[in-house]
Structure formats: structure tokens, C-alpha cells
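Me: I'd like to go through some of the labels on this structure and ask what stands behind them. Could you take me through the reasoning?

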Amino acid sequence: METILRAESVRKTYRTGADEVVALCDLDLTVHAGEFVSVMGPSGSGKTTLLNCLSGLDDIDSGEVWFDGRILHDMSDLERTRQRASTMGFVFQAFNLIPVFSAAENVELPLLLSGHSTGDSRKRAVETLDRVGLGHRVDHRPMELSGGEQQRVAIARALASGPQLVWADEPTGALDSETAGSVMQLLHDLHHEGLTLVLVTHDPEVGQSAQRLVRMRDGAMVEDLTLRSPDGERTVPQSLGIGT
Amino acid sequence: MVAFSSTVVTSMVIVVLVSVPFLVGLVVHPVTRRLALRYPRRRLTESLLIVLGSLLGTGIITGSLIVGDTIDRSIRAIAYEQLGPIDEVVSVSGLEAGEQLVGRYGSLEDLPASTRTTADGDPIFDGVLTMMGTPISVVGERTQPRAQLLEVDFVDAAAFGSHDEITGITGPTPGPGQAAITTDVAANVDAEVGDTITVHVYGQPVDLVVARILDRKGVAGFWPLDSRQQAYNVFVTPGSLAAALSGVELPPTVEPPQTYVAFSNVGGVEEGEKLTDEAVAALTSLDPQLSVQEVKREVLTAAEEGAAALSQLYFTMGMFAVAAGILLLVNIFVMLSDERRSQLGMLRALGMRRATLVMAFATEGWIYAVISSACGAILGIELGRIIAWRANDILTIDDDVFSLNLTFAYDRATVFQGFAIGLAIAVVTIVFTSIRISRLNVIAAIRDLPVAHAGARRQGRRPVAAAIVTFLGVAWSVSAFASHGQYGIAMGPMLLIVGLGLLTVGRLGTRATVTWTSLLVLAWGTAFIPVLGSLDIDGDIQLFLVQGLTMCSAAVGLLMVHHKALGAWLSERSGGSLPIRVGLAYPIAKGFRTAMSLGMFAIVILTIVYLSFISLMFGNQANRITEEIAGGYGLVVTSNPSDPVDADQLLAVDGVDAVAPLAYSYASYEYAGSTDGWPVTGFGPELLTGPPRLEELGDFEHEDEAWAAVLDDPGLIIVDEFFLSDAGPSSVIPSPGDEMTITDPVSGNHRTVTVAAMATADFIAAGAYFGIDGYTDVFGDRAVASRFYVSASDLDAVEDSIGRTFVANGAEARTVRATVDGLLAQNNGFFTLMQQFVGVGLLVGVAGLGVVMIRSVRERRREIGVLRAIGFEPRPVTRSFLFEASFIAVEGVLIGVAVAFVGTYGLVLNSSGFMEGFEWAVPWRDVIFVAGLTLAASILTALIPARHAGRIQPASALRTVD
């Protein structure tokens, strides 16, 4: 399988006054194309820090993160920004949609930012919204959408530019269980279509639904478990209580 | 092709420079376009508040520029009213000399052809007119003691210049026994056409029938006697004076008639001045001794200088309000970025470059700036109109000499200039704020976490920055002290203090560092004024702006680092009141926002209270000024030089104790590279019994010594700090030892003199004091004692008596105290006007507070929901917001007042400034009024958002996610 992302000995420390907190401790992680990786761990385990550092949103203190054949943190802020626009997508717990833009306008943002024409961006945005089941809501603004719909718009925005990897940080954290379920189903469907997804969650049900589960504790990876084969067959029996 | 003035071109360049990048962004970048256009439309109330808060700055800038237009136009009106087509004047004293002058230059044809054209062959002159005049008094129903009898041929006068509209003279010359009088005479003596008036000419009363009344315009308004705007002219047929003086030998104690030859240059009233150099060269080529008075140029130059000076004064004072406006803009944009923080973080995460984020934010700001600047420029017209209206009231006083009628006027170019400057200031502020905002931490923004601690890289840069700033501070201070640079002396040490603060902050911590640096800056901000004084440096008005802004910044910084402690103390004192604790918590937590709000209030309050201090301290000086100016004399008597009162006659008046006769005229002074007109008083030994006080004695040990030396030595004079200035203290003040050339503009006689000593500020237009021998050398037969200082036990009674007794001599008596009171009242009026002008900036502070409160309620909606859910009632919620608004307003007011207190105290300590000898006095009434008004306005502004906060329903507030 093609390797999309490779992190080697990544270390990240936060300093507050005299205190130091090691948020990531010599982390190694590889993500292959087409994988669905969930990252779980208790509060403060470093899972969100992992997402921030490996996506290039945050700096690291040591180690290397390779993405698309390049060392991410050797790039300037400008290069990393361009990299994100063209190769990565992001989905966050609080949706973070622009309230004064319609659904279509929110989705086409990364396309416009990476230089696509207005017409092409709109066309692709509408197609992506359709793909996530919101083809009938393209002109609605976030305040006119339910929580689940807003998160679908956020997912569509993450997909619009055809990224190599989508990062999702607690995408169901602000949703009720039924809506969370439908959003997760969407993500699974997209994964089956070939999307590479790294998802951070504290929800065991969400975490276990992934193809691969990485467990974090105190900044270190304590477990890296392949839960399903590429064709979706579970490789670890649920009865063993993994992930609980 | 339309030609644009340089003002319009410069303004256009500014508008284009600050607008093109945003216009390009709007057209080329769809994301920028959407973000910039969508928010203003969707958040209309907020957008309106931003525009309202921002437009005041441009309004103030435009208003101050329009003040200049009004002054310029009003003084230029003098050119139309008192000169018309007259560009240059040559004059001589005496009938015989007058005949000779007229014989040589009396008509255009008398001038050689070679002198009538420029080197390119273009004509210089389009008219020559001769007049003869002498000061008189006029009696009708009432008396006009100071008037002028003028002989001129009306037919010649009407043809003089390009049009009789400009000339102001129409109809036939008055016949024998008739006179044409100006509207000023008609009004003051209450005369109409057909009435008989009596004019006193060289001691003879002559009855004349009023044949015509002329508007004060052009030749009809020709008034060379003093600086008043009015022209009390009585026109009679040529030859009248010669007939009246036939067989009469005028004694040397009276000034003979003056003959004037007026020249009109091609080009009309204002454009003719452009040929003045050629005209003077042409005339002096005929006679190098000829003294040519550039009368039109003097008025137009005075118009420009007066306009520039007053405009600059208002502009500088207005800058405080503009500074408050800048703080408001920064505050608004920082709050907008707070609101949209998670969206901005997401945009960065999606791949929006920092530069694009800056462009999007700044473009939105540019849209607000364009609208607010345009509205502000229009508001500025009305502000200027109000100032002109109020200033006209202030400037129109009893004493004609110090009076000036203002006519509101403005150029569209000025309004555009105001718009351009306002737009530029707003855009620069917005761009810098946007750059600052764009440095958000992406993750913290997305997750709405507190701002991350400064990274190691930024901390590492601090010692370098500290070293650079410290070095710059040292270098600037040293070079400023060496070269006496006022701004470097003021700000160099402050920069040094900041640099040292940056060096110590790592060790001492922010709080301690800000505390000591702020205290030192405050101390230096107070101390540098006396230091400048000790170095004999007089500060510009702009230095006050520097002082105010730096001290306010230091005071706000000092308060902010101790804000938490203050809040805790207040909470404790309030007995744990929840509304107060909640009301204090937010301003303390949102330090940047609070600091901006405090700054807005403090800056404007500082200026208003500072002006109150100055006004009060000036007003308290009436007694001292009167005593110092009057010396041993309390009354100034002027009379017509053609028939002056005699000193013995004055001494014979009941109650008069002593009289000092003085000669008085206007001279031309060449000093410090420029030539200006100013009065001169020639004094004799009588003045030495009670001369005006001297402030600087030069090489002399006693004042008596200095006066005696000036009396004896024709090469010495005494001047004061207002010498040669038209608006307040001079920017170039002479010192003992300085040399200048004094010239009689009529005869051209001149002499180089040295300043022997400096008198106290001259409130009675005495000008330079010149010993009578020296005066006579220069002014010849015009050295006539027509002005007197009189001492008496009952000055008011003597003033009244002299005015009634010596009507024929055109005697006007006025106590020094009345003149000083009138001018101080005028001063006070101007200070009040300026306070009201700056007070417009208070609206900025209040609007700013309104915006902060509205944002507060919106941001804390969830918290309010929680408070309500746990039992907080609506009223305490409302009270907490009202307390918050009051807290900020009170702190801002206290800072402004405190800095004003300290700043004015330092001013009074200055050993050689214009406030030397002043006693520090607190204008309590004004301070309480301004503080109360600000507090009331702030509470009113906060009332609506506070009540809205109280009505928030817990359930809906807790449901709010984004």
C-alpha cells in the first residue's frame, strides 16, 4: 500500500512558565492510502496534538513528518499552507463554518484558495454536497441547517479539493447519537470510496468502527491495532473488549 | 483641460494609494471579495456602529482644515474690502512732498514705458490712483473718534483697476461741502444721506453733508491707519485739505497729510499680487530710495499665515480625538477578529495564506473606512461651520483693533483633503491591526482556546529588540540634547526607558517592568517641559500632543498591570456584591479591549481638562498682566496724529496724576529672514517713571537701567514674546542681543537695532518700544505724540472724561484692564471653542464603549444564560453591565484628569515658557462637568445592551453553539 504519511520520533512539548508537558513522546506512525485510522485515548493523552502536529498545523520539537514525499516541518508556513489547501481536508467538532456563507460557498472555499476558478469551484462544491446528501441545501446558511447537516457541510468542505488525507477531530462530539451515526456512516461510505481518513475520538463505538485503531496515553502510542482488513472484515473479535 | 490644485492632486494620490490594493483584491480574489462584502451586509447594526465611531475622526480633521479656509477667506476679504485693486502704495508725508510724488508717479502715463512692462513685454500695471488723507474725528448723532479724511477723484477712482465693482467707488466726486462716507462711519455716527456731519481736521470743525454712503470695498475701504477691519472713511473733493491748510504752518507736534499713490497690477484683486515683485523692481528702478509698500501681498500673506496657524492649531488639538478614533478602530477590529476567531483559524487550516487573511480583513475595513471617511468629511463641513459661527462671536469684541469678522467658507478641495487624510489614517490602522490579527495560532483559534504563550522564537528576539531600542533611545537623547531638538529631548529618554524595560522584563516580570517604566515615563513626561524651559527651548503645540499621548499610554499601562488588584480591592469594598464582581470581571479579563477603551476616554478628557486649566490660569492673570503692562499707568489714550491731544491738556483733566506722551505708528521689521509689519511706540523720559515690566534684562541688572539705556541709545529697542506673531506666542521669539532692521514704510528710512530687553506679553498693541530720538530718526515728521499712557486714581471716570472732552482730537481712552479683560475673554472663548471641538472626540469614546458593551453581551450570552440558570435575576445582570461601563468610563476620566493635572503642573514649573509666573489652579467646575457628562453619556450608551442582557432567557442562551 502506498504510504501517505510517515511520522518518525515526533516529539512535542508545551511549556507554560516553568512547567513542561510532553504532549507527544517520540511518536512513530505511518498512514497508508485508503486507510481509516482512529486515534483514541483519555483526555490529555495527546490525540489532538497528534492531529495538529502530523497535519502541520502545529510545529514539532523533534522528529520528522513525511507527507507526500516531503518533510512537512521543513517547509515554510506558506508552503505548509499551500500543502493543506491542496492535499488535506479538516473536519472539526464545532463545524467551524463561516456563518455568512451558504453551504456551497463554505464548501468551495478550499477550491478557491487553491486557485480554482469560480465556476469550477462552484460546480465541484455542488457535486460534493450532493455526494454527502445535501444537494438540496446548497444555498442555505449554517444557521438554517441542523447540527448533522452542518457537519456534513464541513465534511463536504474537507472533500471538495480531493485531498489525499482528511483529518477529523471529534466529528461527532457535538451531535446526538442518531445524527452521529449518520455522519459516521457517511465517513465510512467515503472511506469505502477510497478516502484516507485519520479520526480522533473519545467515543469507543466510533473508534472501533475504523479500520485501524491507535491508542494514546501520556503522549505515547500504546497500541496500534488493525481492526479490519482492507476489505472491511474484522480482524480482532469485538468480544475481546478491545477499545472498551 | 481642467487644472487641479496641488491639494486635490495630493489627496487623489493618497486615495488611490490606499484604495487600489483593495480594489484589486475585490476584483481578483473571490474569497476576499466574499468575506469583505458579506460581513458588512449581514451585520448591519455592527457595521453602522463601526462607521459612526470612525467618521468622527475624519469629521474633526476636515473641520480643522475648514477653519483654515474660513480664516483665509475672512482675511482675504480684507483685501477686497480695504484694498480692492490696490497692490502697492507709495506714500509721503506733507503737502509739498505729496505734490512732488504725484508729479512723478501720479498717472500711468507718468511712468516711463520701460517700467510699465515685464521683461517679456507684458504690462505690469493697469492703473495708478492718487489720494491724500489725514486722520480726523467725525461727529454726527454719535461720535467716531478715529476716522480718515480722504481726497480722491471719483472718476479716476472708478476707472482704477478693472471694474468699479472692485474699486468700490461710483458716481461723481463729492462737491464742496459734501462728503461720501463709508457704511462704517454711517453706522457709528448714525448718519444717512442728506445728514450733516462735523469732521475735525487739524483742530478745525468742518460741516459736510452726506452725499453718498459707500460700501467698505476697494478704494472706499482703504484704511492704512491701523489694523482694524473697519474703514471709517470720509471722502471729499480733491484740494480740500490744501485749502484747509492754506497759509497754515503745521507745528511739528502734528502729523501732516499723507499723499498716497496706489498702483494696481494687471490680474485683478488677488492675481495682481503675482506681479508685485516686478512692480516694486520697476518703481525702485526709477528711484532706489522709493519705499514701496506691498500692501496687497501683506494682507494675502497674513491670510495664508493666519489660516495655516489656526488650522494647524485645530488640527493638532483635533489629533487627540483622531487618536481616540484610531483606538476605537483597533478595538473594533480586534473584537471582530475575536468573534470570528474559529472561522479565521479554519480558513488558515483550509489553506488561506496569512497575506490573504490580512487582505480579506483589511478590505472589509477599507469599505467601512471609505463610507465613514466620506460621511465624516461632510460632517466636517458642519463642524467647521459651527466653529466659524462661534469663533465669530468670540472675535467680534468692542475693541475694533482686535476684532475680526469671520465669514464661513470652504473649498471642495479641502473637504476632499479631509476625506483623503481620514481614509489614509483609517486604512493604515486597519491594515496594521489586520496584520496583528492574522498572527493567530491556528489551533487555538479553531478550538477557541486561550491565546498561546509567546513562542520561544519570539522570546528569543526580545533581547535583540531591547538592545536596538535602548541604543536608539540613547542616540536620540544625546543628539537631541546637543542640538536642542525638542522632540528628541521629550521622546529620546522615553524610548530609552522602554528599551531598558524590554531588557529587564525577563527577569522582573511584566507587571514590575510595566510599573517602573510607566512611572518613569510619567515622570519624564512632566519633567521635560521645565527641562526645555531651562534650555531656553519653546515647545511647539505638537509637543503637547506627544506629551499627552505618551503620558496617557503610560498611565493606562500602569493601571492595566494592577487592574486585577484594583478589581479585587473594589470587590472587597463592595461587600461582595455580585453585580459589581461580575461587572469587574470582564474588563479585567479582556485587558487589551479595556486598555483601548480607557485610552479613548483618557486622551480626550486630558485635552479638554488641560485646556480648562490653561484657560483658568490665563484668566487668573488679569491683575498681574494689567500691572505688568501698565507699569505706573492704567489708561491708554489714542488721538489723531493730525490733531493730537496735548500732554498738558490731559494733565489738566480732573483726576489725572501723570501722563507719558508716546509716538505711535506701524513699522516694517526685518528679522530672522522675514519682513513683517508690527506697531512701534516711541517713548520719552516720562515713561520711565512707571514703565511696563520687563521679563528678560539681557546684559542689564535692573529694569530701570534697561529702559534708560533704550531711551538714550537709538540703536536699542525693547520687544515682547508676542512680537511679530499674529496668533498667540511667536514661533521665533527674539532674545536680548538679537538684531533687526526697523523701517518706516512711508519714507523708507530704516535703522538696525538691537533687542536690549524683553517686556511682558503685550496686550495693548504697543509693539516695540523705541527711544524717541531713535524713533524720530526713522519716522521723521511722523514722530508725533498722539498716544499717551495716563495714570489716575479713578481710571474709569478719567476714561469717560477724556472720551467726552477731546472728541475733536479723535481721542479714545481705554483702561489697560478693560483691554486685558477683553482679550482674556477672547482667549477664554477660544479655549472653550477648542474644548468643544475636541469634545467631539468624547463621542468617539462613548461610541466605542457602546460597541464594546454590545459585543460583550453577545460574547457572554452563554455565561449570562448560566448566571440566569443558577439564580441571577434580570436586574442584577443589567446592573453588572452598567457597572462595567461606568467602571471603564470612570477609570478613563480619572486617567485623563490625572495626566492633565500633572502635565499642567509641569508647564507652570517651566521657567521661561509663556506661562512663566502663572499659578497652578484647578478648574474644578469644568473637571466635574466633563467627568459627569462623560459618565452620564457612557451609562446611557450602555443602557440598551445592559437591558438586553437582563432579558436574555437562560434556555435559549445555553443552546447557543456558534
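Reply: Sure, what follows is a run of questions about a predicted model.

Me: What makes Arg6(A) and Glu8(A) a salt bridge?

Reply: Their closest N and O atoms are 2.7 Å apart. The cut-off is a side-chain nitrogen of Lys or Arg within 4 Å of a carboxyl oxygen of Asp or Glu, so the pair qualifies.

Me: And is Arg6(A) buried or exposed, or something in between?

Reply: Its relative accessible area is 31%. Buried means under 20% and exposed means over 50%, so Arg6(A) is partly exposed. Glu8(A), with 32%, gets that label too.

Me: How do you know that Asp26(A) and Arg11(A) form a salt bridge?

Reply: The N to O distance is 3.6 Å, and the limit is 4 Å, so this one counts. The pair links distant parts of the chain: Asp26(A) sits in strand β2 and Arg11(A) in strand β1 of chain A, 15 residues apart. Asp26(A) has 43% relative accessible area and Arg11(A) has 27%, so with bounds of 20% and 50% each is called partly exposed.

Me: Why is Glu149(A) called buried?

Reply: Its relative accessibility is 19%, and buried means under 20%, so Glu149(A) falls in that class. Its salt-bridge partner is Arg137(A), at 3.0 Å, N to O. Glu149(A) belongs to helix α6 of chain A, while Arg137(A) is in the loop between α5 and α6. At 18%, Arg137(A) counts as buried as well.

Me: What makes Phe4(B) partly exposed?

Reply: A relative accessibility of 48%. Exposed needs over 50%, so Phe4(B) stays in the middle class. Phe4(B) is in the segment before α1 of chain B, and it joins Val9(B), Met12(B), Val13(B) and Leu17(B) in a nonpolar surface patch with about 460 Å² of accessible area together.

Me: Why does Thr776(B) count as partly exposed?

Reply: Its 35% lies between the 20% and 50% bounds, so that is its label. You'll find Thr776(B) in helix α26 of chain B. Ala663(B) is 113 residues from it in sequence, yet 8.9 Å away in space, C-alpha to C-alpha.

Me: Last one: how do the residues lining the second largest cavity divide by type?

Reply: Six are nonpolar, eight polar and none charged. Gly counts as polar and Ala as nonpolar, so Gly57(B) and Ala426(B), both among the residues nearest the cavity centre, go into separate groups. The cavity's volume is about 110 Å³, and α3(B) supplies the largest share of the lining, five residues.

Terms used. Residues are numbered from 1 along each chain as its sequence is written. Chains are lettered from A and ligands numbered from 1 in the order in which they are written. This is a predicted model: local features need pLDDT of at least 70, side-chain atom pairs count only at pLDDT 80 or more; totals for chains, interfaces and linings use all residues. Side-chain values use heavy atoms; hydrogens and water are left out. Patches are made of residues with over 30% relative accessible area and no salt bridge: like charges are joined within 9 Å, nonpolar side chains (Val, Leu, Ile, Met, Phe, Trp, Tyr) within 5 Å. Accessible areas come from the Shrake-Rupley method with a 1.4 Å probe; for residues, only the protein chains shown count as cover. Helices (H or I, at least four residues) and strands (E, at least two) are DSSP runs, numbered from the N terminus. Buried means under 20% relative accessible area, exposed over 50%, partly exposed in between (1.4 Å probe, protein chains only). On a 1 Å grid over the protein atoms alone, a cavity is a set of points where a 1.4 Å probe fits but cannot get out, and a pocket is an open set with protein on both sides within 12 Å along at least five of seven lines; lining residues have an atom within 4 Å of a point. Grid points are joined across faces, edges and corners, and a volume is the space filled by probe spheres set on the points.
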